[in-house]
Amino acid sequence: MAGKHESRMETAKLASWMKQSKYTVVLTGAGMSTESGIPDFRSENGWWRRIDPRSVATKEVLYADYTLFHEFYSMRIRGLTCCKPHKGYYILAQWEKNNIINSIATQNVDRFHQIAGNHKVYELHGCIRTIRCDSCGTAHAMGDFLDGSGCTGCGGRLRPDVVLFGEALPRDTWEKAMTDIERAELVIVIGTSLQVYPVNQLPFMTRGRIAYINNEIGGDSHQFDLFIKGKAGDILCKLDEIITS
Ligand code: OAD
């Protein structure tokens, strides 16, 4: 009971901060998509609990064991076909439309924010739905990757346009996200363990308030001005009820 009560109070507090804030940025992670049926990485059913990321998600594996690389990413791409954005995503899209939030920086590669209708989205770790040749950069259809084809131009290896371990983040996207977060009066962090550098530094670059919505506390709770423990979709619905009432 106490926990529920507390979460209601914290949710109301965040809603009031959102109403006051003239510039709000949302930062999402894999916990935003678990309610859509996509596993995250580090919680109980997460990918990295079953597979060592270094064995499937690096540039080295792309060249040393393409079969394994291809199998892992094909499985993740196919996994998306039966999933769709949940109600929390549509709330974020509506908030952007109504100027309640200004942009979303995401670590997710599923493109659900855009599918739900958000326009200002910074994909910090790329997108798994777009395919390119690792050698010459030529774009290819997703089917070409799933078929196991090579690049039609140069014969190079096809890969999804995601950031692999050891690769740099897309610089322009990173800079835009950082600029937005620096100027934000409020940053709302949703569904991320904040274990992965450099994105885990982003929330703390703001001079504004930082709220963290997650089903468990990740990192040091004193770093946040507010922590709401709960499921992303549920909390977003509750916030929306308060904001629109
Ligand atoms: P993680 O799996 O590390 O963290 C997800 C967090 O969301 C965990 O703290 C979960 O407890 C929480 N969570 C899960 N479901 C939730 C829900 N319904 N509501 C609220 N919280 C929930 O995922 P990320 O932090 O996103 O990078 O991982 C960061 C990066 O690590 C990923 O982008 C990926 C991975 O390696 C690359 O592939 C480059």
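This is a quick talk about a ligand and the two domains around it in one protein model.

Okay, so first thing to keep in mind: the model is predicted. Let me start with the chain. The assignment splits it into domain 1, covering 1-37 + 85-125 + 169-245, and domain 2, covering 39-82 + 130-162. If you take the C-alpha centres of domain 1 and domain 2, they sit 27 Å apart. As for how the domains touch, twelve residues of domain 1 make contact with nine residues of domain 2.

Now, where is the ligand? It takes up the space of the largest pocket. And which domains supply the shell around the ligand? Domain 1 and domain 2 each put in at least three residues.

Let's look at that shell. There are 23 residues around the ligand, and the ones that come nearest are Phe 41, Arg 42, Thr 192, Ser 193 and Asn 215. By character, the shell splits into eleven polar, seven nonpolar and five charged residues.

On to the polar contacts, for those of you thinking about docking poses. Ala 30 uses its backbone: a polar atom there is 2.8 Å from an oxygen atom of the ligand. With His 125 it's the side chain, where an N or O atom is 2.8 Å from a ligand oxygen. Then there's Glu 216, with a polar side-chain atom 3.2 Å from an oxygen atom of the ligand.

So how much of the ligand does the protein bury? Taken alone, the ligand exposes 790 Å², and the protein buries 95% of that.

That's it from me, thanks.

Definitions and conventions: Residues are numbered from 1 along each chain as its sequence is written. This is a predicted model: local features need pLDDT of at least 70, side-chain atom pairs count only at pLDDT 80 or more; totals for chains, interfaces and linings use all residues. Side-chain values use heavy atoms; hydrogens and water are left out. A residue is near a molecule or strand if one of its heavy atoms lies within 4 Å of it. A polar contact is a pair of N or O atoms within 3.5 Å; within protein, one must be able to donate a hydrogen and the other to accept it, and residues adjacent in sequence count only if both atoms are side-chain atoms. Accessible areas come from the Shrake-Rupley method with a 1.4 Å probe; for residues, only the protein chains shown count as cover. On a 1 Å grid over the protein atoms alone, a cavity is a set of points where a 1.4 Å probe fits but cannot get out, and a pocket is an open set with protein on both sides within 12 Å along at least five of seven lines; lining residues have an atom within 4 Å of a point. A molecule sits in a cavity or pocket if more than half of its atoms lie within 2 Å of its grid points. Ala, Val, Leu, Ile, Met, Phe, Trp, Tyr, Cys and Pro count as nonpolar, Asp, Glu, Lys and Arg as charged, and the others, Gly among them, as polar. Domain bounds come from an automatic or database domain assignment. Contact means heavy atoms within 4.5 Å.
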